[in-house]
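Have a look at the protein and its ligand below. Then work through the questions one at a time.

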Amino acid sequence: MPVYRLSSIVYRQEGTLVANTPIPADIMLDLQQIKAADEGTKMSTSLITDQHLVQFQAEGYTLCPAFFDPHELAALRAELERFKRAGLGRNVATDGDGKTHSTTKVNYQIIPLNDKSALMQALPFAPKVVDAITRLIGAPFVRQLDQIFLKPGRTGAGTDWHTDNAYFRISDPTKGTAMWVALHDATLANGTLHVIPRSFLETYEHERDPNSDHHIHFHADDSRATPVIVPAGGCVFFNYGTGHGTKANNTDHERAGLAFHFLRTDYIPPHYDERQRSALVHITGPEATGGEREYGAVVADAWAGEVQRLTMPP
Ligand SMILES: O=C(O)CCC(=O)C(=O)O
């Protein structure tokens with residue numbers, strides 16, 4: 001597979017140069033993947049530009065600030081409110097021993113989502129999501145996980161440094177990606193997502209996080225990290241090898257992040273057991289049935305209808 005070197009990435013916003021980032025010598029861009037994405041899946045409305053793709057390959061992450069429109073965001077938020085009202089999540093923050101649930105810090109996790117919501121079943125099949133994931137990691141792909149982390153104002157706790165591949169253990173962490181959706185404006189003050197650019201080139205020893213009842217974490221050099229400021233409805237995509245985490249919410253308002261994980265079908269680890277395999281939903285490719293096999297009903301065309309249903313005035 002041909003790989004190429006570029007010396008820098010130029011970021012432009014509405015034609016204006018916003019950054020010119022040198023690419024380190026150890027980064028090789030897979031231009032074949034970029035070309036295939038261009039030829040095979042380019043829609044005139046694609047939200048993933050070649051600049052997104054180059055940044056994703058070179059740095060391990062990219063930001064798409066206006067991925068979901070206000071209508072779609074309202075539907076996602078309506079589902080979040082329903083999950084909260086029904087108490088479908090739980091506080092996973094602990095007081096430093098990994099066991100005792102905290103009464104002063106809250107990291108409210110709702111997981112999984114696809115068993116609770118037709119909207120969340122439909123989201124991975126939404127044409128713009130299929131297009132984005134196909135362009136970023138290639139196709140066919142499966143949806144591996146979905147969850148929300150809600151951080152209440154003042155008491156909201158961060159999720160500490162980790163890579164998703166420390167959990168998923170695929171052979172090439174660049175063949176899986178998280179899609180982290182800001183359900184509220186995610187800012188420095190409310191503890192937005194932070195990533196460590198190019199960290200997928202390294203591996204990190206993880207250990208149990210004493211401030212969570214089940215998470216693992218690693219100790220990171222925060223000076224290498226970049227906060228990603230994400231307007232509500234925006235998405236950060238980062239590959240499974242990218243170190244990331246969130247920080248405490250020091251504002252008066254709650255903040256939530258919705259995280260989906262997608263994996264290239266040919267990288268499903270052979271060692272996954274029946275439980276791990278049955279959690280996968282084939283979104284594209286010969287094994288995809290539009291959700292029928294996994295959910296017992298076709299949900300592939302349901303996104304727009306669900307958004308409409310959830311945002312209709314009562
Ligand atoms: O939103 C958060 O607090 C953490 C999200 C995250 O780390 C993940 O989904 O892997």
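Q: Which residues surround the ligand?
A: This is a predicted model. In it, eight names make up the list around the ligand: Phe 149, Thr 159, Asp 164, Ala 178, His 244, Thr 246, Gly 257 and Ala 259.

Q: By class, how many residues of the shell around the ligand are nonpolar, polar and charged?
A: Sort the shell by residue type. Phe 149 is one of the nonpolar residues, and Asp 164 is charged. The full split is three nonpolar, four polar and one charged.

Q: Which element of the protein chain has the lowest mean pLDDT?
A: The protein chain averages a pLDDT of 91, and 86% of the residues score at least 70. Strand β7 (residues 176-182) has the highest mean, 99. Residues 10-19, in contrast, have a pLDDT below 50. The element with the lowest mean, 47, is strand β1 (residues 8-13).

Q: Which residues touch the most other members of the largest nonpolar core?
A: Nonpolar side chains tend to be buried together in soluble globular proteins. The largest nonpolar core here has 71 residues. Phe 237 has contacts that include Phe 56, Leu 136 and Ala 178. The residues that touch the most other members are Val 236 and Phe 237.

Q: Why does Gln 109 count as buried, partly exposed or exposed?
A: Gln 109 lies in strand β5 (residues 108-110). Its contacts include Arg 90 and Phe 149. A buried residue needs 20 or more C-beta neighbours within 10 Å. Gln 109 has 19, so Gln 109 counts as partly exposed.

Definitions and conventions
Residues numbered from 1 in each chain as written. Predicted model: local features only at pLDDT ≥ 70, side-chain atom pairs only at ≥ 80, totals over all residues. Near = placed C-beta within 6 Å. pLDDT = per-residue confidence, 0-100. Helix = DSSP H or I, 4+ residues; strand = E, 2+ residues; numbered from the N terminus. Contact = placed C-beta atoms within 7 Å. Core = buried A, V, L, I, M, F, W, Y, C linked by C-beta atoms within 7 Å. Buried ≥ 20, exposed ≤ 12 C-beta atoms within 10 Å, placed from the backbone. Lists of a residue's contacts leave out its neighbours within four places in sequence.
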